[in-house]
Amino acid sequence: MHENTYQYWMREAILEAHKAEAIGEVPIGAVVVWQNQIIGRGYNLRETTFDATAHAELIAIRQASEKLGAWRLLDCTLYVTLEPCPMCAGAIVQARVPTVVYGTTDPKAGCAGTLMNLLQEPRFNHRTEVIDGIAQEECAALLTNFFRKLRKNKSKD
């Protein structure tokens, strides 16, 4: 694939992240692409749903699985604005997603190479290609600005 293709689909994931931000959630978004169309969309909903598993990737994976009528997402690519955490990386491996494209690294929980690489762990029966740094500055700025505003609002209280 070409860099322009990655950028195009990452824009869609960024739009999902903005939906999270609009409702006070950490701005993380994801899309699952199959045959050049989005079959799953998700954005962070942990605070809204009081559900620790309501990560953008998991929501998008569930939607894509429903659309395909299969738990194996064999010909799909997952685009996500932030490097997957251990839970999401595990779900990606379990769903047999062949490729993950992410925007910015997660120094606190990144499991696509930052803290560890669960997506390419040789002891698992499935490994995922990882493409990182797509729209990195924009994805990082979304998070930085969100937490900056949050701290500023808390200091006013």
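Q: What share of the contacts in the protein with a separation of 6 or more comes from residues 24 or more positions apart?
A: In this predicted model, such residues account for 57% of those contacts. To count as a contact, heavy atoms have to be within 4.5 Å.

Q: How do you know whether the radius of gyration agrees with a compact globule?
A: You set the value against the rule, which is 2.2 Å times the number of residues to the power 0.38. For 157 residues that puts a compact globule near 15 Å, and the protein has 15 Å, so the two agree. As for its extent, the C-alpha trace spans about 50 × 35 × 30 Å along the principal axes.

Q: Why is Q35 called exposed?
A: The cut-off for exposed is over 50% relative accessible area. Q35 has 60%, so it's exposed. You'll find Q35 in the loop between β1 and β2.

Q: What is unusual to look at in the phi of Q35?
A: Its phi is near 50 degrees, which is a positive value in a residue other than glycine. Q35 belongs to the hairpin of β1 and β2, with 2 residues between the strands.

Q: Why does F50 count as exposed?
A: Same kind of check: exposed needs over 50%, and F50 has 78% relative accessibility, so it counts as exposed. F50 sits in the loop between α2 (46–49) and α3 (56–68). F50 isn't a glycine, yet its phi is positive, at about 55 degrees.

Q: What makes strand β1 mostly covered?
A: Look at its residues, 29–34: 5 of the 6 are buried. Buried means under 20% relative accessible area. Across the whole protein, 47% of the 157 residues count as buried.

Q: How do you know that β1 and β2 pair?
A: Pairing takes at least two bridges. β1 and β2 (residues 37–43) have 6 bridges, in the antiparallel sense. For a spot to find on screen, V31 stands opposite R41 in β2.

Q: And how do you know that β1 and β3 pair?
A: Again, at least two bridges are needed, and β1 and β3 (residues 76–82) have 5, also antiparallel. Here A30 has V80 in β3 as its bridge partner.

Q: How many helices and strands does the protein have, and how do the elements run?
A: There are 5 helices and 5 strands. From the N terminus on, the order is α-β-β-α-α-β-α-β-β-α.

Methods: Residues numbered from 1 in each chain as written. Predicted model: local features only at pLDDT ≥ 70, side-chain atom pairs only at ≥ 80, totals over all residues. Heavy atoms only, no water. Buried < 20%, exposed > 50% of the residue type's maximum accessible area, 1.4 Å probe, protein only. Helix = DSSP H or I, 4+ residues; strand = E, 2+ residues; numbered from the N terminus.
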